[in-house]
Amino acid sequence: MEQQALKSQIDLDKLPRHIAVIMDGNGRWAKQHGKPRVFGHKNGVTAVREVTEAAAELGVEYVTLYAFSTENWKRPKLEVGALMRLLVETLSKEIETLNKNNIRLKAIGDLSKLPDITHKALLDGIAKTQHNKRMTLVLALNYSGRWEITEAAKSLSEQIKSGELAPEDINQDTLGRHLSTKGMPDPELLIRTSGETRISNFLLWQIAYAELYFTPTYWPEFRKAHFYQAIIDYQRRERRFGKTSEQLV
Ligand code: IPE
Ligand code: IPE
Ligand code: MG
């Protein structure tokens, strides 16, 4: 269906506040076009732009994009290097647009282990957009859910050791406040492109009740219309949170 027709089907009163995306299929898309994997990553930038713009236009408050996992270091050095450079290049090009659209940039993950230029470009982008209010775009970089929960366990232990916190004070809220997503609502919708139907260590704690949406579309081909389709699908579902259907009315 046409983009505008899809957009008009979205109920703006029932928008997810936070949408998380596992951007997958860049390599396969490139292969399909007889090109090296990096060509896929480069073309994935268009999809990032489309999703960011579409989400901001609708009024979504947070979009979190899985850009590089802690496991992705295992890829060929050449690909990892190209991805890190692409990030620097993209950030320097897009910060102006983010500012123009009043979008704040944020990053989650073990950022200190990123190459210096990437880390710097990221911090620079975050600083330059910090006062923007319309939407927050979160990049998950050198991120994994298990890493994040382990870090939370460490920092809670430190607080207990120092007497700042008692073990009985630990509950789901305290733990949530020690995650890198603190202050953000949990994603209500998680999209994964490329036909894979796994989580790959993304936002494990936060997606406890997220609706999962899997699409065969490869990330470089993902456009506003695909994004709208995912939201329409989400809005058709009944979110029961353990209750019965009858209890919801
Ligand atoms: C997603 O596309 C991008 C990153 C993980 C950085 P892939 O590179 O995983 O593409 P496929 O899954 O090999 O097709
Ligand atoms: C997940 O994609 C990580 C990102 C999108 C950054 P992968 O392509 O790395 O996931 P697996 O290895 O297929 O599970
Ligand atoms: Mg992949």
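## Reading two ligand shells

Colleague: Where do I start with ligand 1, and which residues are around ligand 1?

Modeller: Start with the list of neighbours: M23, D24, G25, N26, G27, R28, R37, H41, A67, N72, R75 and L83 are the residues around ligand 1. Keep in mind that this is a predicted model.

Colleague: How do I read the make-up of that shell? How many of its residues are nonpolar, polar and charged?

Modeller: Sort the neighbours by class. Around ligand 1 you get three nonpolar, five polar and four charged residues.

Colleague: And which elements give two or more residues to that shell?

Modeller: Map the neighbours onto helices and strands. Ligand 1 sits in the largest pocket. Two helices, α2 (26-32) and α3 (37-58), each give two or more residues to the shell there. Of the elements, α2 gives the most, with three residues.

Colleague: Next, polar contacts. Which backbone atoms should I look at around ligand 1?

Modeller: Look for N or O pairs within 3.5 Å. Follow the chain through G25, N26 and G27. A polar backbone atom of G25 is 3.3 Å from an oxygen of ligand 1. For N26, a backbone N or O atom comes to 3.1 Å from a ligand 1 oxygen. With G27, the distance from a polar backbone atom to an oxygen of the ligand is 2.9 Å. As for burial, ligand 1 on its own has 370 Å² of accessible area, and the protein covers 87% of it.

Colleague: Let's repeat that for ligand 2. What is around it?

Modeller: The residues around ligand 2 are I22, M23, D24, Y66, A67, F68, S69, N72, R75, R192, R198 and S200. By class, that shell has five nonpolar, three polar and four charged residues.

Colleague: Which element gives the largest share of the shell around ligand 2?

Modeller: Strand β2 (residues 62-69) does, with four residues. Ligand 2 sits in the largest pocket, and that pocket is where ligand 1 sits too.

Colleague: Which side chains have polar atoms close to an oxygen of ligand 2, and at what distances?

Modeller: Click on N72, R192 and R198. The N72 side chain has a polar atom 2.9 Å from a ligand 2 oxygen. For R192, a polar side-chain atom lies 3.3 Å from an oxygen of the ligand. The R198 side chain puts a polar atom 2.8 Å from an oxygen of ligand 2. On its own, ligand 2 has 390 Å² of accessible area, of which the protein covers 78%.

Technical notes
Residues are numbered from 1 along each chain as its sequence is written. Chains are lettered from A and ligands numbered from 1 in the order in which they are written. This is a predicted model: local features need pLDDT of at least 70, side-chain atom pairs count only at pLDDT 80 or more; totals for chains, interfaces and linings use all residues. Side-chain values use heavy atoms; hydrogens and water are left out. A residue is near a molecule or strand if one of its heavy atoms lies within 4 Å of it. A polar contact is a pair of N or O atoms within 3.5 Å; within protein, one must be able to donate a hydrogen and the other to accept it, and residues adjacent in sequence count only if both atoms are side-chain atoms. Accessible areas come from the Shrake-Rupley method with a 1.4 Å probe; for residues, only the protein chains shown count as cover. On a 1 Å grid over the protein atoms alone, a cavity is a set of points where a 1.4 Å probe fits but cannot get out, and a pocket is an open set with protein on both sides within 12 Å along at least five of seven lines; lining residues have an atom within 4 Å of a point. A molecule sits in a cavity or pocket if more than half of its atoms lie within 2 Å of its grid points. Ala, Val, Leu, Ile, Met, Phe, Trp, Tyr, Cys and Pro count as nonpolar, Asp, Glu, Lys and Arg as charged, and the others, Gly among them, as polar.
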